[in-house]
Amino acid sequence: MTNPKRIALPVCLLSLLFLAGCSHTPKEDEAPKEFAAMMAKKDELAALATTEKLSPKPEIKGKIAIVRDSNGSITLDRFHDSGAAFYTDLPVAGEIYHNFLPPELYARNPDEIETLIKINCLTKKDSALYTNSNSSKTEMMDYDYVICDIAFVDYKTATVFAKKQVGKNEAPNVINKSTYGKTPGREIADYLQSIAGTKPAG
């Protein structure tokens with residue numbers, strides 16, 4: 001007859017080894033430290049003071065970082081806001097708000113940055129005459145529009161070598177509660193891709 005104690009001991013040892021192995025399994029959402037380092041630097045990148053020396057034939061050099069400041073809300077293109085992920089999706093034709101350039105061009109940590117791309121967007125107000133649909137009276141009403149300044153910066157020397165302003169003050173045809181100023185995403189994407197020499201597939 002088999003001794004129960006002889007069976008129990010190996011089973012206990014195997015259970016302990018299994019639990020020890022599980023306790024050392026890395027979490028799936030654990031991100032490399034450099035991602036967090038990039039996110040910690042985003043405000044500094046957005047506020048970087050620059051000089052200007054425009055190039056007749058601008059081109060990016062080395063790895064890039066794209067920092068966006070939209071009315072004070074700062075983001076890094078391709079990085080999750082928490083620093084938990086870097087998105088490696090290829091750019092898609094028609095996508096005009098993120099993942100502008102191929103993922104291999106992006107720096108994964110601050111030490112890799114050679115070209116900084118700054119996109120500063122500001123929502124502004126103006127007014128125009130509109131006919132009130134309820135009263136049929138013409139009255140002056142405010143509307144929003146968005147202007148974005150794009151700058152390509154040699155990060156090592158903090159020198160702007162290419163820049164462009166996109167967006168325009170254009171009164172909407174109809175104004176109501178759902179009317180808002182639209183970010184000129186198409187112009188931003190086209191300009192970035194023209195300097196980088198890339199074109200999304202699809």
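## Starting at Ala46

Let's begin with one residue. Setting aside the neighbours within four places in sequence, Ala46 is in contact with Val67, Ile74 and Lys118. Ala46 itself sits in helix H3, which covers residues 42-46. Is Ala46 buried or exposed? Its relative accessibility is 12%, so Ala46 counts as buried, the cut-off for that label being under 20%.

There is also a link to Asp69 to look at. Ala46 and Asp69 lie 23 residues apart along the chain, yet 6.8 Å separates their C-alpha atoms.

## The whole protein, and how far to trust it

Keep in mind that this is a predicted model. The average pLDDT for the protein is 85, and 84% of the residues score at least 70. Where should you be careful? Over residues 1-30, pLDDT stays under 50, and the model has two contacts for that stretch beyond four places in sequence.

Now for the overall layout. The protein has four helices and six strands, and along the sequence they come in the pattern α-α-α-β-β-β-β-β-β-α. Of the 202 residues, 34% are buried. Take the contacts with a separation of 6 or more: 65% of them are between residues 24 or more positions apart. As for the outside, the accessible surface comes to about 13,100 Å², and carbon and sulfur atoms hold 54% of that.

## The sheet

What is the order of the strands in the sheet? Going across, you meet E1-E6-E5-E4-E2-E3, and this open sheet of six strands has mixed pairing. E1 and E3 (73-76) stand at the edges with a single partner strand each, so one side of each has no neighbour in the sheet.

Here are some of the pairings in turn. E1 (residues 51-52) and E6 (residues 159-166) are joined by two bridges in the parallel sense, with Thr51 standing opposite Thr159 in E6. E5 (residues 138-154) pairs with E6 too, but in the antiparallel sense and over seven bridges. In that pairing you can find Ala151 opposite Lys163 in E6. Four residues lie between the strands in the hairpin of E5 and E6, where Ala158 takes a positive phi near 55 degrees.

Further across the sheet, E2 and E4 run parallel and are joined by eight bridges. One spot to look for is Ser70, whose bridge partner in E4 is Cys121.

## The last helix on the sheet

Helix H4 packs on this sheet and touches E2, E4, E5 and E6. Its direction makes about 15 degrees with that of E5.

Why does the length of H4 agree with what you would expect for a helix? H4 runs over residues 185-196, which is 12 residues. At 1.5 Å a residue, the expected span is 16 Å, and the end C-alpha atoms are 17 Å apart, so the two agree. The expected figure is found by multiplying 1.5 Å by one less than the number of residues.

Which residues of H4 are buried? They are Gly185, Ile188, Ala189, Tyr191, Leu192, Gln193, Ile195 and Ala196. Their cover includes E2 (63-70), E4 (113-131), E5 and E6. Just after H4 comes Gly197, with a positive phi near 75 degrees.

Methods: Residues numbered from 1 in each chain as written. Predicted model: local features only at pLDDT ≥ 70, side-chain atom pairs only at ≥ 80, totals over all residues. Heavy atoms only, no water. Buried < 20%, exposed > 50% of the residue type's maximum accessible area, 1.4 Å probe, protein only. Contact = heavy atoms within 4.5 Å. Areas by Shrake-Rupley, 256 points an atom, 1.4 Å probe, with all protein chains shown as cover. Pairing = 2+ DSSP bridges. pLDDT = per-residue confidence, 0-100. Axes fitted to C-alpha atoms, helices over the stretch in contact; angles between N-to-C directions.
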